[in-house]
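User: I would like to learn how to read cavities and ligand surroundings in a model. Can you take me through them?

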Amino acid sequence: MTVNPLIATFRNSYAALPDAFFARVQPTPVARPRLIAFNHALAEELRLDTRLADAQTLARLFSGNDLPAGADPVAIAYAGHQFGNFVPQLGDGRAILIGEVIDRDGRLRDIQLKGSGPTPFSRRGDGRAALGPVLREYLVSEAMFSLGIPSTRALAAVTTGDMILREGPVPGAILTRVAASHVRVGTFAYFAARDDQASLKQLTDYVIERHYPDAGNDQIPALALLKSVISRQAELIAQWMSIGFIHGVMNTDNMAISGETIDFGPCAFMESYDPKTVFSAIDEFGRYAYANQPRIAQWNLARFAEALLPLIDADQQRAITLATDAISAFSSQYDAFWLAHMRQKLGFSSEHPDDEPLIQALLDQMQAAQTDFTQTFRALSDLETDAGPQQFLALFSSQAAIQHWLQAWRSRVALENTPIAARQTAMLAKNPVYIPRNHQIEAAIRAAVDRDDFSFFEKLQTVLANPFREDPAFADYSTPALPHERVLRTFCGT
Ligand code: AMP
Ligand code: MG
């Protein structure tokens with residue numbers, strides 16, 4: 001059934017591409033859709049007119065039981081390197097792109113149902129999503145947005161009323177994901193692996209028009225596209241690193257060309273600072289450990305470059321030289337972004353040659369004392385308040401060493417022209433007090449899945465919506481897990 005006119009300006013630019021790009025498929029209806037979350041602010045941003053829609057109407061729409069007028073649902077084809085191994089066909093096995101809308105800023109945004117039933121890409125999967133992972137993605141993707149980090153968004157979540165089989169029976173759910181687009185590195189690899197040059201060219205033109213229009217004016221548009229994507233990813237990964245985010249499955253099918261964080265499977269935020277931190281239960285060898293993320297991003301971008309080679313130059317050797325230079329530039333770009341973000345965290349608005357060793361010295365002490373990553377930077381931001389440096393110092397075991405560091409930091413900030421109050425305001429706006437802590441997410445999931453209690457999930461959403469504004473009522477959310485609360489393993493749950 002078609003409902004209208006909930007969505008004013010529905011586009012289907014992806015569905016207008018040739019058949020090789022996707023499979024047309026309808027969501028499979030679910031038993032009893034129930035709305036458990038709806039993102040009104042995002043709906044407004046997307047100019048969705050939901051004034052007349054009650055919870056039941058929304059539940060039917062965002063479960064796929066009803067489709068909005070003008071929708072042209074497709075499952076997108078893509079490939080991907082999973083833990084380094086190339087899989088020539090993955091594709092949307094449990095997600096369906098309903099269509100695109102034009103948001104308030106004139107940008108095209110994808111609306112996708114995740115968990116909406118089997119597609120021709122489902123392989124042996126059931127096409128469904130479990131409630132736990134849906135809640136995790138809802139919380140973490142929205143938290144990323146509130147933290148100011150490019151990310152796909154969560155528009156709605158519904159439970160389906162059907163049980164699905166994972167380790168045992170669990171409630172099924174569907175997440176409505178909003179993305180700048182769902183084109184990934186793996187989408188390019190899909191056509192490259194088939195040596196389908198025509199589709200590769202079409203995909204490139206599509207992506208340039210949609211995301212990087214300036215690249216279209218370049219002498220070699222495909223090379224300009226590659227360079228733009230490299231810069232965006234370099235900044236994105238630097239942002240992840242600056243808040244302790246660990247993606248967990250940085251396969252090439254989970255790297256969006258738009259530069260948004262995508263696919264929140266076993267992702268988690270680091271608590272005690274340790275560069276080797278890994279949460280994902282399937283990441284046996286730590287390929288996607290915290291500190292490896294920049295290197296892995298570069299590796300993924302090299303796979304993107306390989307797919308683009310024929311479009312960069314007809315002379316393969318020349319194409320390789322140009323692409324290699326672009327990929328090599330990732331490291332210095334990443335380093336520069338990282339340093340810029342870390343300077344902001346430490347309250348430096350100017351640049352000094354000793355900044356990097358000073359930052360590194362703090363990280364070394366954090367690692368030695370296993371301080372909580374988020375708390376440490378927040379305490380440093382709070383140094384000038386009545387509380388004084390005690391809160392910061394108390395996080396460290398070796399007082400002499402951290403006192404010494406603090407002195408060096410004070411001498412460094414003395415070189416700034418910014419008044420103390422302004423510096424502190426800037427630091428408090430850069431260093432969050434609330435992040436989605438693993439044990440809190442887990443508790444929200446347990447309450448919802450085991451007891452049908454969504455109050456903790458709702459509370460977490462409220463807390464994470466304003467990550468930089470401290471609220472005494474939310475004190476429990478700003479501290480790391482106690483030893484018995486720690487969640488050290490996260491699962492895809494697919
Ligand atoms: P992900 O781990 O979510 O990035 O998914 C990797 C691949 O597995 C993608 O092609 C997904 O569409 C597919 N997939 C994951 N879960 C399911 C499922 N329950 N049913 C069908 N396909 C799935
Ligand atoms: Mg994926």
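User: How do the residues of the lining of the largest cavity divide into nonpolar, polar and charged?

Analyst: Rolling a probe the size of a water molecule over the atoms shows where empty space is left. In this predicted model, the lining of the largest cavity consists of 7 nonpolar, 5 polar and 1 charged residues. That makes a lining of 13 residues, and those nearest the centre of the cavity are Q233, W240, H247, N254 and M255.

User: Which helix gives the largest share of the lining of the largest cavity?

Analyst: Helix α6, residues 221-243, supplies the largest share, with 4 residues.

User: How many cavities does a search of the whole structure find, and how much space lies in the largest?

Analyst: The search finds 2 cavities of 30 Å³ or more. The largest cavity holds about 70 Å³ of space.

User: Now the ligand. Which residues are closest to ligand 1?

Analyst: Ligand 1 is surrounded by 18 residues, with G91, G93, R123, D126 and G127 the closest. By class, this shell has 2 nonpolar, 8 polar and 8 charged residues.

User: Where are polar atoms of the protein found at short range from ligand 1?

Analyst: The cut-off for a polar contact is a pair of N or O atoms within 3.5 Å. A polar backbone atom of G127 lies 2.8 Å from a nitrogen atom of ligand 1. On the side-chain side, an N or O atom of N254 is 3.2 Å from an oxygen atom of ligand 1, and an N or O atom of D263 is 3.3 Å from an oxygen atom of ligand 1. Of the 490 Å² of accessible area that ligand 1 has on its own, the protein covers 88%.

User: What domains is the protein divided into?

Analyst: The assignment gives domain 1 (2-185) and domain 2 (348-428). Their C-alpha centres are 42 Å apart.

Conventions
Residues are numbered from 1 along each chain as its sequence is written. Chains are lettered from A and ligands numbered from 1 in the order in which they are written. This is a predicted model: local features need pLDDT of at least 70, side-chain atom pairs count only at pLDDT 80 or more; totals for chains, interfaces and linings use all residues. Side-chain values use heavy atoms; hydrogens and water are left out. On a 1 Å grid over the protein atoms alone, a cavity is a set of points where a 1.4 Å probe fits but cannot get out, and a pocket is an open set with protein on both sides within 12 Å along at least five of seven lines; lining residues have an atom within 4 Å of a point. Grid points are joined across faces, edges and corners, and a volume is the space filled by probe spheres set on the points. Helices (H or I, at least four residues) and strands (E, at least two) are DSSP runs, numbered from the N terminus. Ala, Val, Leu, Ile, Met, Phe, Trp, Tyr, Cys and Pro count as nonpolar, Asp, Glu, Lys and Arg as charged, and the others, Gly among them, as polar. A residue is near a molecule or strand if one of its heavy atoms lies within 4 Å of it. A polar contact is a pair of N or O atoms within 3.5 Å; within protein, one must be able to donate a hydrogen and the other to accept it, and residues adjacent in sequence count only if both atoms are side-chain atoms. Accessible areas come from the Shrake-Rupley method with a 1.4 Å probe; for residues, only the protein chains shown count as cover. Domain bounds come from an automatic or database domain assignment.
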